[in-house]
Amino acid sequence: MVEGPGCTLNGERISARVQKGQRVKEMRGSMFTTKGFKQEINHAIQRLKGCQYTGVDTLGKELFLYFGTNALRVHFGMNGSMRINGAQKKHSVGSGSVPVLEIHLDNDKVCFFDSTVELRLSGDCEKRVQALQSLDVCSPVFIPSRSAEAVRRHGSRMLCDVLLDQAVMPGVGNIIKNEALFDAGLHPAVKVEQLSDEQLHHLVKMTRDFTLLFYKCRKSGSALSTHYKVYKRPRCGRCSGAVTVCRLGDNARMTYFCERCQKCDTTSIYIRSHVRSQLPVRNTLISWASSGGAANENVAKREEEDWTCHLCTLLNRPAAKSCDACLTPRAPVHREDAPAPCSTDLVRYACTAFTKPREERKLNWRSAFGTSTLLFSDLSEVPELSHGEMPASSSRPCKKMRIDGSPSNKLGAHTTAGMERSPSSPSTPPLCASHGRPALLRVVHKDGDNKGRRFYACTLPREAKCNFFQWADLHFPFCHHGKRCVVRTVLKLGPNNGRDFYTCGFQKDSPLTRQPNSSQNGSCGCSNVGPPGKMKL
């Protein structure tokens, strides 16, 4: 899902690169040829030809393009993207290669891929932006107190539902929801009415902070995944405990949380006004004691830290004298004569420096054992380190040479996370018949009778791979339709959460599932929970 920071950056790119006052010369795209779109809406959008482009606005995950009295509302959905004048990376041939909408102006061209486009009135869009921009977590005019009041009105709802409500906190997506709840130390199933005012304001602050972190990483090209603590991680980034994965809330969205760090009992989570906060805070050291009262070189000084504006809560660079959003001057740093015995100063981690990675060059080298990729980095600008000093790139693992033919730790798009350790798969994969290499476990994603089934294939690149193929589910039981079962994971909260089980591979709404012995919900009733290798039907 393209969340608020990504939509905000798309709006900034259009505002900076597309000049106002240009007229629409032509509008085309797949939305005018696909049968699923309403023809009357398409004809109405076509009437924008000749209209003058007057500006762009963003609100949460929505982008508004104004053409006089009419406007286009663009929602990027799960995998939406945008291209201006063809400068960005071209899409690969597939479902997203054809733009949904192309807007040809006098001097520029804007293309939208995998997005939803609607025609609105400009006046209605402007009123909506003005009414909700102070609740938009990506907006420079975000007001935390008003956001807390909006959340408080939904006292009977769970936090995981309220944070994703675009009428309450526009711009919050599933990544921000999971990480903000972790930073606030709150369980996703906690209801709003259980929070105190101080806890609620802290939750809003953590949501805003991670949104700005999201925005900075996307704008600078830094990897956001290095800041994940629970989202799509098997272990908690703080306590190394197991991360619970489930579908929670009214919309059954995927939710990740740590049962150790995130409490259901809000009475055990509190904030003291004069002492260090008992709530977990990102990038801080708890109970960091200065040795002998002397300054530690590994600890940043107050004037070297990123500072938060007290008016709009924007996280600014240490060198900034005023806020980048509201131009509020930075508050003076109070220096004490005697150092405190315990401080929560930030350590100079590389994750606080949002800089683009070094230029790297890749060289493919083909040999008898496969294709190797050599990675060359420019080390001329790396400073000379003193004894005991940590390099700046130590926060994330360095890239090493990888042979494409060997199985990688990070599975590709056609594999599933955790598949290699699944109890349903053999401990040793079969060897490729032509090359004698261990085969790679994959999953069928193509629609049909075999969708969801697992198979082994050659690990070499497409130009060098052989035709080796072997089903990996031949030891799986059959369902009531005579088809091989597929392995799924329990996402429901309870004692079986995280366990694998066999189930029918057909969809619940498929007519093939409506058998005389089938259950009421449409499944064939052949699902069992437990280790797949030991189950019997």
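Two rings of Phe, Tyr or Trp count as an aromatic pair if their centres lie within 6.5 Å. The legends below describe close-up views of a predicted model.

**View 1. Y231 and Y256 form an aromatic pair.** The structure holds 8 aromatic pairs. In this one, the ring centres of Y231 and Y256 are 5.2 Å apart. The angle between the two planes is 70 degrees. Planes over 60 degrees apart count as edge-to-face, so this pair gets that label. Y231 sits in the loop between helix 7 (197–220) and strand 9 (243–248). Y256 belongs to strand 10 (residues 253–258). The two parts are 25 residues apart in sequence, so the pair ties them together. Both Y231 and Y256 are buried. Y228 joins these two tyrosines in one aromatic cluster.

**View 2. F476 and Y502 form a tilted aromatic pair.** Their ring centres lie 5.1 Å apart. The planes of F476 and Y502 meet at 55 degrees. This pair links distant parts of the chain, 26 residues apart. F476 is in the loop between strand 20 (469–471) and strand 21 (486–489). Y502 is in strand 22 (residues 500–503). Are these two residues, F476 and Y502, buried or exposed? Both are buried.

**View 3. R453 lies over the face of a ring.** The ring belongs to W471. R453 is 3.7 Å from the centre of that ring.

**View 4. Eight nonpolar residues line the largest cavity.** The structure holds 1 cavity of 30 Å³ or more. The space in the largest cavity is about 50 Å³. Which residues line the largest cavity? They are I14, V18, Y53, L65, F67, I103, L105 and V110. The lining has no polar and no charged residues.

**View 5. Helix 6 is largely enclosed by the rest of the structure.** This helix spans residues 174–184. How many of its 11 residues are buried? The count is 11 of the 11, so the helix is largely enclosed. Charged side chains are on the buried list too, among them K177, E179 and D183. Other buried residues of helix 6 include I175, I176, L181 and F182. What covers the buried residues of helix 6? The cover includes helix 1 (4–17) and helix 5 (159–164). Helix 7 and strand 10 are also part of the cover. G185 follows helix 6. The phi of G185 is positive, near 70 degrees.

Key
Residues are numbered from 1 along each chain as its sequence is written. This is a predicted model: local features need pLDDT of at least 70, side-chain atom pairs count only at pLDDT 80 or more; totals for chains, interfaces and linings use all residues. Side-chain values use heavy atoms; hydrogens and water are left out. Rings of Phe, Tyr and Trp (its six-membered ring) pair if their centres lie within 6.5 Å; planes under 30 degrees apart count as stacked, over 60 as edge-to-face and the rest as tilted. Helices (H or I, at least four residues) and strands (E, at least two) are DSSP runs, numbered from the N terminus. Buried means under 20% relative accessible area, exposed over 50%, partly exposed in between (1.4 Å probe, protein chains only). A charge sits over a ring if NZ of Lys or CZ of Arg is within 6 Å of the ring centre and within 35 degrees of the ring normal. On a 1 Å grid over the protein atoms alone, a cavity is a set of points where a 1.4 Å probe fits but cannot get out, and a pocket is an open set with protein on both sides within 12 Å along at least five of seven lines; lining residues have an atom within 4 Å of a point. Grid points are joined across faces, edges and corners, and a volume is the space filled by probe spheres set on the points. Contact means heavy atoms within 4.5 Å.
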